[in-house]
Structure formats: structure tokens, C-alpha cells
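I opened my notebook for another look through a new structure today. Here is what I looked up, in the order I got to it.

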Amino acid sequence: MQARHGDATVELDAGATVREALGRLGVMRADVVAAAVDRGAGDEQWDLDRALPDGAVVLDPIRAATPEGRDILRHSTAHVMAQAVTDLFPDAKWAIGPPVEDGFYYDFDVERPFTPEDLEAIEARMRELLAAKQRFVRAELTRDEALALFADQPYKREVIERVEPSEVDVAEGRDEPTFTVYRNVDPDGGEAWVDLCRGPHLGSTDRIPAFRLLRTAGAYWRGQEDRPMLQRIYGTAWESQQALDDHLRMLEEARARDHRRLGRDLELLHMPEELGPGLALFLPKGAHVRRQMEDWIREETLARGYEPVYTPHVAKEDLWRISGHLENYGDLMFPGMEVEHATYRLKPMNCPFHILAYTSRTRSYRELPLRISELGTVYRFERSGVVNGLLRARGFTQDDSHIFCRADQVVDEVVGCITFARDLYRAFGLGEPSRVAVSTRPEKSIGTTEQWERAERALMDAAAASGYAYEVDEGEGAFYGPKIDIHARDAIGREWQLTTIQVDFNLPGRFDLSYIAEDGQKHEPFMVHRALFGSIERFFAVLLESTNGAFPLWLAPEQVRVVPVAADFADYARDVAEAARGAGLRAHVDDADDTLGARIRSAQTEKVPVTLVVGGDERTAGTVAVRRYGGGQRKDVPLATLIDELRTEVEDGRRGALPVGADASDGSDGP
RNA sequence: GCUGGAGUAGCUCAGUCGGUAGAGCAGCCGCCUCGUAAGCGGCAGGUCAGGGGUUCAAGUCCCCUCUCCAGCUCCA
């Protein structure tokens with residue numbers, strides 16, 4: 001047999017293992033956990049101690065500090081955890097235990113839920129198993145053998161029964177799938193544990209460098225609400241203690257940046273119980289930030305040819321019956337209100353209102369595309385367990401637009417929306433979209449196959465025309481049409497779905513929309529739904545967490561704080577603040593009866609971007625001493641110069657010239 | 001909605017075995033008059049989430065409800 005890696009090729013004896021081949025090829029290192037094996041039909045992942053097949057193969061080592069390597073490491077750690085759980089809870093039934101982003105989990109059916117103390121005990125037992133240096137030994141079984149082996153494991157049996165023959169099985173002439181199990185074998189040869197698993201795995205348990213169990217949670221078997229709820233344990237594992245520590249620190253950082261905490265500490269938001277779950281107040285400081293967001297989107301929508309409308313918050317239920325929302329989302333709408341022999345509902349969507357704006361008179365093809373736009377506040381009765389601050393609220397505001405257009409205009413309109421979203425992400429410092437996904441027809445949907453295919457095609461064409469590589473999320477579309485979702489990453493690497501663009505061929509028919517074309521006949525328009533922020537509240541939360549509350553100058557609720565060094569200079573401080581306000585800046589004076597140090601500290605903890613310290617020197621010269629949040633200080637800056645600089649910075653920020661957070665370390669401040 | 005965890009002053013938290021509620025910060029008052037991250041002193045602030053129960057006695061033990069958190073499911 002023959003193995004190749006890159007330009008190197010070696011001949012091997014029959015029965016040689018992957019490890020031996022990698023060694024002969026000179027690429028076997030301590031951090032190699034498995035190998036990608038290509039025997040002519042694409043890469044498969046193989047264990048290091050697995051014997052190579054006859055014939056020629058291409059080998060690539062999989063190292064621990066790679067996405068594939070970490071998956072293998074985490075998968076092995078999940079097995080060790082399941083073994084530890086079985087040792088401590090012999091009656092536990094095992095479900096599945098895959099690697100996931102940043103970690104792994106394993107689901108168990110146990111008599112009682114795991115407690116935090118159980119987690120500690122399981123982790124302690126895992127450390128013993130790591131020290132025991134158990135080898136992971138692969139074996140192949142038939143379906144009957146596998147069913148027999150897991151006779152007392154109903155979840156494993158269900159998995160086994162559902163497996164279909166793989167491409168490899170078919171290619172190799174088997175009409176039944178091959179099942180693989182991994183036995184954990186002690187150094188003395190005793191079998192400690194066996195689990196159904198596709199593999200590959202680490203060579204032995206002591207090759208797990210660092211792990212931590214994180215939390216327990218309930219999880220439905222196979223993710224289905226009508227199946228039993230199992231107990232899931234989440235953990236994480238990394239290629240080094242350092243990598244684990246870094247990850248745990250990142251989790252800590254994410255917790256500290258929670259928008260609910262920042263919103264309260266910085267007096268941006270108030271979410272008292274008296275309001276009700278999922279509802280938020282924007283306090284003055286939060287409202288200033290939000291206003292900048294709203295002003296930005298309003299100006300830009302007008303500049304891009306949208307027409308503003310205002311619509312009410314409640315309307316007769318019939319609108320939602322016609323649109324189909326009542327049928328599809330009735331449970332997620334606030335209940336009806338009986339008024340004068342009619343039932344009214346809080347609006348969960350703005351579409352019907354924009355449609356009524358469209359149908360207010362006969363429309364001509366000359367008017368299309370007609371882009372109707374508003375900041376529309378909607379109310380959805382989100383299930384109690386899903387409400388999550390501003391990220392998942394029961395009342396929120398969409399920068400919602402509906403574009404009514406001809407079929408041949410759909411692609412251009414969608415491209416326009418994608419471009420608009422790109423500009424928005426830049427202006428708000430989120431950089432380029434991290435993911436563009438086209439969602440196709442879901443199971444529960446309305447419309448014909450032809451309509452769906454046409455709309456999906458239009459979205460994919462538009463995504464391609466925008467220059468973004470897009471992915472396809474099969475079956476993730478809305479019930480009335482496919483959509484494009486655009487995601488962005490925040491400052492600490494988390495990904496958020498923000499913009500959504502949907503093609504709708506359904507509502508126009510339901511509401512009997514039409515326009516008069518050049519032929520004098522009625523034609524049905526298409527609709528494009530789009531929300532670029534998605535939800536203003538949600539975007540606000542993402543922005544808040546991403547900036548850690550240190551908003552760029554143009555968004556900051558208080559842009560300038562003037563601090564007199566002593567009460568004698570309060571007059572000049574007020575003059576400075578007045579001048580700043582005259583230039584359109586949000587400026588306040590802190591003349592509280594505190595020491596200068598204490599007032600500087602307040603400005604810093606409140607993350608005010610610009611603090612101006614003024615005393616006798618400054619008053620005499622008409623200057624200010626400038627201190628930037630997180631950045632440098634400058635003395636003797638003429639007030640007029642400073643104000644010009646800040647105005648320019650605000651304008652640049654609004655246009656997206658500066659990334660979020662850049663204000664904190666603006667190099668122009670000098671030493 | 002489901003599983004688990006939690007709820008004490010505006011915020012962060014302490015409160016032992018069931019014995020009658022405490023700190024720091026913030027707030028208010030006074031002193032201090034200050035040049036770049038916390039000056040000093042005092043005062044006030046509580047239906048211990050809400051309701052019910054056990055007990056001579058409940059923040060503490062039991063039950064119910066509400067809310068929040070972590071997940072699951074869902075997200076037009």
C-alpha cells in the first residue's frame with residue numbers, strides 16, 4: 001500500500017496504521033489527533049491507530065488546534081464524560097454527545113436532574129479517567145450486533161434503527177450500514193466503557209489537555225417538544241490549558257458586557273417588573289443613542305427613494321386573518337380586544353398597514369417600485385422562556401419597509417437592500433457581513449412550487465450580484481416566501497442575525513394588490529419585505545454589547561463633559577459647554593462638589609467620549625484640556641479647534657468612516 | 001411552554017443551627033475648594049419578589065404564584 005502527503009509518498013506494509021504512515025511521511029507530531037484520509041472519494045477522518053486500507057491514500061494530519069481537531073478532542077471528552085456519568089449514575093440512559101461550537105454536550109435520561117454538585121463529582125471522575133490513560137479502540141459491527149450490544153440503551157437503539165447505508169457502504173456493495181463503536185480500554189486490557197460512535201477519537205484519554213464542565217440544561221430528545229426531556233451537560237475542551245483559560249475569560253467578558261447590565265449601569269435602559277416581561281423603557285441616555293440610529297435610518301431611507309408612512313399599533317383582527325398571520329402565528333400574537341362588535345389586535349407585523357397604504361388608490365406601473373417605509377413598533381407574545389432583554393422582546397420596533405414592484409424589478413430591489421444593509425453595518429462599526437444566507441421553502445408554507453422557485457432564484461441572484469458568497473439554509477424561509485438573512489460579528493466575535501429581506505408573492509394575492517401596466521391591464525405586484533436593523537431594540541443591544549457601552553462619538557448619549565478644576569471656573573466651563581451645544585454636540589458641565597479626581601473618574605466610568613478639563617490657564621487662553629475615553633490627553637487646545645474636530649468626527653462616524661470603538665484610541669489625540 | 005438555578009436597600013452583595021436586617025457604592029446634608037480614575041463626617045433608605053402554611057418565633061423550613069438567568073423548543 002501507498003500513502004502520500006503533499007509531494008511525499010511512502011510505501012507501507014499491509015496493516016500499517018495511520019500513525020505509522022504519518023510518521024514515515026514526517027508529519028506525525030505530538031498535537032496530531034487524527035488524519036484526513038482520501039482513498040479516492042473525498043476526505044474521511046480516521047483514527048491514528050486504524051489500519052490503512054489497501055491501495056493508495058492521501059493523508060493529511062489533523063492537528064488539535066484546528067476546528068476539525070477540536071471537534072475530535074471535544075467528542076472524545078464527551079465520551080469520557082458519559083463514562084463518568086455512567087460510573088456515578090449506573091441507570092443513566094445515554095442519548096447523543098456531539099461536539100458543538102466551542103465545546104460539546106451529552107444528553108442523558110436520568111432519574112433526577114443533575115445538580116451543580118453532581119457536575120463537580122462528574123468532573124472529578126473524568127479527571128480520574130484521563131489519568132487512567134484509557135485507549136479509544138474502534139470496532140465495526142452489523143446492525144444486529146449493535147442492537148444487541150445496546151440492548152438496554154433505548155436511545156442508542158433508536159439511533160441505530162434510523163441509520164441508512166452510507167455512500168461508502170453502497171460503494172463497497174453493502175446493503176446495510178456499518179456501525180462503529182469505540183471501546184474505552186484500560187491499560188490492563190479491561191473494557192471500561194463502550195459507545196456507539198462514528199469517530200474518530202483521540203488515541204487515549206490522557207490526550208485531552210484541558211476541559212471544563214460548564215452547565216446542565218434540559219433538552220428534548222431529538223429536539224422535539226413531544227419527546228422526553230433529557231438532561232444535557234455542556235462542557236468545553238481545548239488543545240491547551242491556555243486556550244481553555246482564554247475561552248473561559250471570553251465567556252466572562254461576554255457576561256460582563258450583557259446589555260441588561262450595561263443598560264442599567266449606564267442609565268440607558270429600564271426594564272422594571274411593573275412593565276411586564278419583554279418590555280423596556282429607554283431612559284434619556286439610551287434614547288439619545290436610539291435617536292441617532294433612527295435619524296440615520298430615516299435620512300438614508302429618504303435618500304434611497306423610500307416614502308415614509310405612519311401606521312397605528314392596533315387594528316381589526318381581520319387584517320391578520322387575510323394576511324395569514326393569525327393562522328400561522330395566532331398563538332404568538334397578543335389576544336384580541338373586543339371593541340364595538342369587532343376584535344382588535346396589537347400588530348405583530350407592519351405589512352398589512354403598508355399594503356393598505358398601497359391600496360389607498362389605483363397604482364400605475366409608473367410608480368413602481370414603490371417603497372413604503374416606517375419605524376413600526378410591533379408586539380409579539382413571545383413564549384415566556386424565550387424573552388431575553390432587548391434581544392428578544394415582546395414589543396419592538398422594526399425599520400420596516402415594503403417594496404411593491406414588478407417581477408423584473410425584484411432582483412434590483414433586493415440588491416439595493418443588501419447594499420443598504422452593508423452601508424448600515426459600516427456606519428455602525430460592525431464591519432462587513434459575516435454571513436449571508438438564503439432560506440428556502442419550509443414545510444409549513446403557502447404558494448406554488450413555481451412561485452417559490454422563482455422567488456428563491458431571485459434572492460440567490462441578488463445575493464450573487466451583491467458580491468457576497470451566500471449559504472443556503474434549506475427549509476428556513478417564512479411561510480409566505482424565502483428570505484435573505486445577513487449576519488454580522490460584534491467586537492468579541494459573536495455572530496448576530498440582523499438584516500432580513502424577504503420576497504413575498506403571497507400577500508399581494510391575498511390582499512388582491514394590483515397596478516395598471518402599460519397594456520392598460522391589472523397586474524399583480526411583488527412585495528419585498530425588509531428590515532435592516534431588524535429590530536431597533538435588538539440592534540441597540542448588539543451595539544451596546546459590542547462597544548461595551550463606549551459608543552463612538554456620534555452615537556454617545558453625552559458626547560462632551562466639561563469639568564472645571566474648581567468651582568471658581570464653573571462659569572468658563574458653562575461657556576465651553578454652551579459653545580459645544582451650539583455646535584450640535586451633546587455637552588454637560590460637572591460642577592458637583594467633588595474633587596477633580598472624582599469627577600474625572602465619573603466621566604470615565606460613564607464612558608463619556610470627551611472630557612474637557614478647564615481651569616485658570618484655559619479660561620485665560622480660551623482653550624480646553626482634552627481627555628478622550630480610553631485614550632490620550634491634550635492640553636491647550638483652542639476651543640474652536642476642538643469643536644471643529646469633534647464635528648468632523650461626528651460626521652465621519654455617521655458616514656461610517658470610523659469603526660465603532662476607534663474613538664477610544666484615536667491616534668490624533670497625541671500623547 | 002419544558003428542565004434546572006436564582007430573587008435581601010437604586011446597584012453589587014453579606015446574613016451561621018429558625019431568635020426579630022447589615023456593608024460598600026449611589027442618594028441627601030455638612031465640612032473641604034481641589035489640575036486628570038474614588039477627600040472626610042453624618043443622615044436617610046427594606047412588605048427580605050408576592051401569597052399561603054409549619055413554629056412560641058421564618059430572610060432562613062414547606063407549598064403555590066410572579067419575575068429573572070442558563071439551556072431546550074419557537075422566532076412572521
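The entries below go from the RNA to helix packing and then to some backbone details.

**Entry 1: around the RNA**

I kept in mind throughout that this is a predicted model. I began with RNA strand B and found 54 residues around it, of which Arg215, Tyr220, Arg260, Asp593 and Glu618 come nearest. Of the RNA atoms that come within 4 Å of the protein, 53% belong to sugar and phosphate.

Next I asked myself which element gives the most to the surface near RNA strand B. It turned out to be α18, with seven residues. I noted that α18 spans 596–605. Other elements that each supply at least two residues include the strands β12 (210–220) and β13 (229–238), and the helices α8 (259–265) and α19 (616–621). By class, I wrote down 22 nonpolar, 16 polar and 16 charged residues for this surface.

**Entry 2: polar pairs with the RNA**

I then went through individual side chains. Glutamate 618 has a polar side-chain atom 2.4 Å from a base nitrogen of RNA strand B. For glutamine 633, I found a side-chain N or O atom 3.2 Å from a sugar or linking oxygen of the strand. Glutamate 273 also has a side-chain N or O atom paired with a sugar or linking oxygen of RNA strand B, here at 3.5 Å.

**Entry 3: α9 and its partners**

I moved on to helix packing and took α9 (residues 284–303) as my starting point. Its axis comes within 12 Å of that of α13 (residues 410–427), and the two cross at roughly 150°. That angle is over 145 degrees, so α9 is roughly antiparallel to α13. I noted the crossing as right-handed. Trp296, Ile297, Glu300 and Thr301 of α9 meet Phe420, Asp423, Leu424 and Ala427 of α13. Sorted by class, this contact has five nonpolar, one polar and two charged residues.

What angle does α9 make with α16? I read about 115°, with the axes 11 Å apart and α16 covering residues 536–547. This makes α9 roughly perpendicular to α16. The crossing is right-handed. On the α9 side I listed Gly286, Val289, Arg290, Met293 and Glu294, which meet Ile536, Glu537, Phe539, Phe540 and Leu543 in α16. The classes here are six nonpolar, one polar and three charged.

**Entry 4: α13 and α14**

I followed α13 to α14 (residues 449–465), where the axes are 8 Å apart and the angle is about 50°. That makes α13 oblique to α14. I marked this crossing down as right-handed. Val410, Val411, Val414, Val415 and Ile418 of α13 meet a group in α14 that includes Ala458, Leu459 and Asp461. I counted ten nonpolar residues, no polar ones and one charged residue in this contact.

**Entry 5: backbone details**

I finished with the backbone, remembering that most peptide bonds are trans and most residues other than glycine have a negative phi. Where did I find cis bonds? One runs from glycine 199 to proline 200, with omega near -5°, and proline 200 sits in the loop between β11 and β12. Another joins leucine 368 and proline 369, with omega about -5°. Proline 369 is in the loop between α12 and β20.

My last note was on lysine 133, a residue other than glycine whose phi is positive, near 55°. I placed lysine 133 in the loop between α3 and β9.

Technical notes: Residues are numbered from 1 along each chain as its sequence is written. Chains are lettered from A and ligands numbered from 1 in the order in which they are written. This is a predicted model: local features need pLDDT of at least 70, side-chain atom pairs count only at pLDDT 80 or more; totals for chains, interfaces and linings use all residues. Side-chain values use heavy atoms; hydrogens and water are left out. A residue is near a molecule or strand if one of its heavy atoms lies within 4 Å of it. A polar contact is a pair of N or O atoms within 3.5 Å; within protein, one must be able to donate a hydrogen and the other to accept it, and residues adjacent in sequence count only if both atoms are side-chain atoms. Helices (H or I, at least four residues) and strands (E, at least two) are DSSP runs, numbered from the N terminus. Ala, Val, Leu, Ile, Met, Phe, Trp, Tyr, Cys and Pro count as nonpolar, Asp, Glu, Lys and Arg as charged, and the others, Gly among them, as polar. Axes are lines fitted to C-alpha atoms, for helices over the stretch in contact, and angles run from 0 to 180 degrees between N-to-C directions. Angles under 35 degrees count as roughly parallel, over 145 as roughly antiparallel, 65 to 115 as roughly perpendicular and the rest as oblique. A crossing is left-handed if the near helix is turned anticlockwise from the far one by less than a right angle, and right-handed if clockwise. Contact means heavy atoms within 4.5 Å.
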